[in-house]
Amino acid sequence: ELDTTSAEIPKMEEEIKLLLIPEDPEDDKNVIVEIRGGTGGDEPGGEDPDVPSIDVDLSKADLCIDASALGLANTATFESYEADGLTIKAEKGSGSNVPKYYTSGTAVRLFPGNFMNVASDKTIQKLVFTCVKGSVANNNVDAEPGTVSVSDPTVLIDGIDAKEVTITNADTSTGAASHLRWQKIYVFYAQ
């Protein structure tokens with residue numbers, strides 16, 4: 001009898017715990033729950049038809065520059081980078097801050113007015129920037145030459161077809177959303 005009764009003790013303890021919870025006067029009222037798709041989070045669904053979709057196979061890039069692998073300390077000024085015939089030079093331009101690398105977000109920040117010149121000994125077809133979500137310069141990114149498409153957190157500059165391109169953070173506001181915080185740059189050369 002002790003064995004069968006001992007086995008029932010945990011079940012009885014759970015029942016007692018439930019009985020000890022005071023009754024809520026709202027329990028007998030009806031509740032309406034609305035479930036809507038695509039209203040937050042990173043899950044698919046409910047995409048904005050006015051925001052271009054950027055569908056690029058990044059595995060086919062000829063070169064990838066990872067901001068976290070540049071060896072920069074937190075808040076270090078980002079001035080230039082060279083690798084495999086590619087040179088990136090970043091400048092303050094008309095901005096009030098110089099471009100900097102921050103370990104929070106592991107990204108190089110191009111502040112409003114900053115620009116970056118990307119030059120190569122090969123013809124650049126397109127560049128893809130993967131950025132910190134919410135930090136794509138309020139979609140105010142310019143490129144010369146090239147056509148810019150922004151779909152947070154990605155910036156695509158296509159149709160460059162040149163050995164040099166200048167990317168400018170053309171936003172004029174302030175705050176985190178005005179920064180272009182790039183984590184990686186994927187370079188695609190013309191074939």
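In these legends, a contact means heavy atoms within 4.5 Å. The model shown is predicted.

**View 1. The two faces of strand 4.** Strand 4 covers residues 86–91, and its side chains take turns. Leu86, Ile88 and Ala90 point to one face, where they are buried. Thr87, Lys89 and Glu91 point to the other face and are not buried. That fits the usual pattern: in a regular strand, side chains alternate between the two faces of the sheet.

**View 2. The hairpin of strand 3 and strand 4.** Here strand 3 (residues 80–83) runs antiparallel to strand 4, and 4 bridges join the pair. Look for Tyr81, whose bridge partner in strand 4 is Ile88; Ile88 is also one of the buried residues from View 1. Just 2 residues sit between the strands of this hairpin, and Asp84 takes a positive phi near 50 degrees.

**View 3. Strand 4 alongside strand 7.** Strand 4 also pairs with strand 7 (residues 115–136), again antiparallel, with 6 bridges joining them. To find your way around, start at Thr87: its bridge partner in strand 7 is Ala119. Thr87 is on the face of strand 4 whose side chains are not buried.

**View 4. Ala143 and its neighbours.** Ala143 belongs to strand 8, residues 141–144. With a relative accessible area of 13%, Ala143 falls under the 20% cut-off and so counts as buried. Leaving aside residues up to four places away in sequence, Ala143 touches Val148, Ile157, Val165, Thr166 and Ile167. For scale, Ala170 is 27 residues away from Ala143 in sequence, with 9.7 Å between the two C-alpha atoms.

Notes: Residues are numbered from 1 along each chain as its sequence is written. This is a predicted model: local features need pLDDT of at least 70, side-chain atom pairs count only at pLDDT 80 or more; totals for chains, interfaces and linings use all residues. Side-chain values use heavy atoms; hydrogens and water are left out. Buried means under 20% relative accessible area, exposed over 50%, partly exposed in between (1.4 Å probe, protein chains only). Helices (H or I, at least four residues) and strands (E, at least two) are DSSP runs, numbered from the N terminus. Two strands pair if DSSP finds at least two bridges between them.
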